[in-house]
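Here is a short briefing on one structure, written as grouped points. Please keep the sequence and the model in view while reading.

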Amino acid sequence: MSILNFNKVSVGYGGPPLLDAIDLKINQGERICLIGRNGVGKSTLLKLLNGELALESGIIEAKQMLKVARLSQDVDTSVSANVYDVVASGLGDTGDILMQYQHVSHQLAEEYSEECLEKLSELQQIIDSQDAWRNHTQITSVISKLSLDADAEFASLSGGMKRRVLLAKALVTEPDLLLLDEPTNHLDIEAIIWLENFLLSYGKTLLFITHDRQFLQKLATRIIELDRGKLTSWECDYATYLERKQAALETEARQNAVFDKKLAKEEVWVRQGIKARRTRNEGRVRALEKIRQERKERRALMGTAKLQSQIQALSGKIVIEAEKLNYAIADKVIIKDFSTTILRGDKIAIIGPNGCGKTTLLNLLLDKLKASSGELKLGTNLEIAYFDQMRDQLNVEASVIDNVAEGQSTITINGKDKHIISYLQDFLFAPERARFPVKSLSGGEKNRLLLAKLFTKPANLLVLDEPTNDLDVETLELLESLIVDYKGTLLLVSHDREFINNVVSSTIVYEGNAKFNEYVGDYNDWLWQRKMDEKSSTSAKSETTKKTDRKVSVSKLNYKEQRELEKLPKLIGTLEKEIAELHIIMAKPDFYQKDQAEITKITKHLEQCEADLAHCYQRWEQLEG
């Protein structure tokens, strides 16, 4: 059932329309992902849906009493309130009354006074008259459901927890349509997985913007794309969308080529003069004018960023060698006994929750921070390019050009001089946009600018700290391709699982108590290894507790038991291989898009295999005595 419809909706702000007579139907229960390049108008569309912007033309039809809530991509860091107050503020005036009631209740609990008691009674009467106790229950229920502390100060929370509080603020209104603008930005992997699972079980209608491809693949039941003012709906998953989109672009290119050929032919004819002016040819002239206008109004595809790195000289074979590095601030240990050897050409991701010390570890390895103890040795001939997630290398008051060119009109890329305007166009900055101050840019534009600045210098060690935030998917995939082809060494901090899987050869993972451990392979490989380690550890502990109960010794085995013991190693190997294959199947992004019966079947089969493996190990220990 449709809950909201756009009919020929347009918004333009005086330039080419961001939304050009678009149609959109949103059905109840859908989880729709809105995709498109940075700056095409995705956030504008969400604001229209939320009633924050006025239409230039068209009609928006919504079901009666439709409730819409929007979670924006920006987090207001100036908020000074506790979690209860922030969540309650989503209810407007009713929320204000409930906030006051909470504050007075706390004051009265701490210190009795007639004034507080009288104020509390007054507030209770207002709440009774507005039937607002149900709203108080809503607030406490949502706070509990999202595992939040109602009394915690918002300003003291991590970025991920702040986003969770703002999600609670949106949910407390019990919206029929929830709008999420880049909800995974600045979240760590654990928080992203929590959000995925929460939204899968949410049950209401959802429309979201994201650059996280695994998040998109797991959640979306439909994809809608905003491209050059037009909105297209794709009833498929992301992988299928990519195939169909490419086919659509190829068809568009062929049609444009035929159109342009016809226009060129008509232009030749009209220049013949006298023939074109004859009365009987006036219709052909008018047709030409119409074709000219149609060509003028055609909007070209947005350009693709052209990323290229520079390496003038290779580093030594050993890039970084660390032995038992420790780092502490005051009495708090942040890095404990970390050792690694990083070789030329390694591509390594550092994974862990926000605040665990990933950036600190990077700075220790680059010798920007001095370890409390341990040894660090940097290799020879290192040229380091560092992408800082805080973008501190950018001067926000200066223009885009000045940030990259530093007073020069040309820069040298791989031995060739290039004009700064041309270079910036490779990163999708139009000449007029290149003269804007950096503070006026969007988050995605700032990230593109930092990449542009980074790649002006040759580097054989590329350090990227959260490079994917705010980048559109196309630029993100180009960055992936550049890194895959990069001949130097890479150190990457990222929470984008797909990005990590596509570019790295090993991972350094935070595993609690200031410990980072190294694993071969990408994020999915680490997940599998972790699960196997957990199973082995559980089995080992279980067997240790049962050793005292063993009654069978090898010397007393009968023929049947001896044959059983001989077969166990092969059976264990078969089970371990089958479990590994099942883990790989379940780690794929589209696994949870399958039919529920198939998911249950595979999950139960995995549980049975793991139980059989544990039994085999137990039996082996018993028989060997």
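K347, A349 and I351 point one way from strand β12, I348 and I350 point the other way, and all are buried (under 20% relative accessible area with a 1.4 Å probe, protein chains only; exposed is over 50%, partly exposed in between). The model is predicted: local features need pLDDT of at least 70, side-chain atom pairs count only at pLDDT 80 or more, and totals for chains, interfaces and linings use all residues. Residues are numbered from 1 along each chain as its sequence is written, and side-chain values use heavy atoms, with hydrogens and water left out.

**Strand β12 and its partners**

- Strand β12 covers residues 347–351, and 5 of its 5 residues are buried. Helices (H or I, at least four residues) and strands (E, at least two) are DSSP runs, numbered from the N terminus.
- In a regular strand the side chains alternate between the two faces of the sheet.
- Strand β18 (residues 489–493) runs parallel to β12 and is joined to it by 4 bridges. Two strands pair if DSSP finds at least two bridges between them.
- I350 has V493 as its bridge partner in β18.
- Strand β19 (residues 506–510) is also parallel to β12, again with 4 bridges. In β19, V509 stands opposite I351.

**The sheet β2-β1-β4**

- An open sheet is formed by 3 strands in the order β2-β1-β4, with antiparallel pairing.
- β2 (19–27) and β4 (57–62) stand at the edges with a single partner strand each, so one side of each is left without a neighbour in the sheet.
- From one strand to the next, the twist averages 5°. Axes are lines fitted to C-alpha atoms, for helices over the stretch in contact, and angles run from 0 to 180 degrees between N-to-C directions.
- Strand β1 (residues 2–11) pairs with β4 over 5 bridges in the antiparallel sense, and the bridge partner of L4 in β4 is A62.
- Helix α1 (residues 42–49) packs on the sheet and touches β1, β2 and β4. The direction of α1 makes about 125° with that of β1. Contact means heavy atoms within 4.5 Å.

**Salt bridges**

- Side chains of opposite charge can pair when their charged atoms come close.
- The structure holds 19 salt bridges (a side-chain nitrogen of Lys or Arg within 4 Å of a carboxyl oxygen of Asp or Glu).
- One of them joins R497 and D212, with the closest N and O atoms 3.8 Å apart. R497 is in helix α17 (residues 497–503) and D212 is in the loop between β7 (205–209) and α8 (213–219), 285 residues apart. Both R497 and D212 are buried.
- K245 and D227 form a salt bridge at 3.3 Å, N to O. K245 lies in helix α9 (residues 238–270) and D227 in strand β8 (residues 222–227), so the pair ties together parts that are 18 residues apart in sequence. K245 and D227 are buried.
- E406 and K453 form a salt bridge, with the closest N and O atoms 3.3 Å apart. E406 is exposed, with a relative accessible area of 51%, whereas K453 is buried, at 17%.
- E196, D212, K218 and R497 are joined into one network by salt bridges that share partners.

**Residue T173**

- T173 sits in the loop between α6 (159–171) and β6 (177–181).
- Not counting residues up to four places away in sequence, T173 touches K67, A69, G90 and L91.
- The T173 side chain reaches the backbone oxygen of A170 at 2.9 Å.

Conventions:
A polar contact is a pair of N or O atoms within 3.5 Å; within protein, one must be able to donate a hydrogen and the other to accept it, and residues adjacent in sequence count only if both atoms are side-chain atoms.
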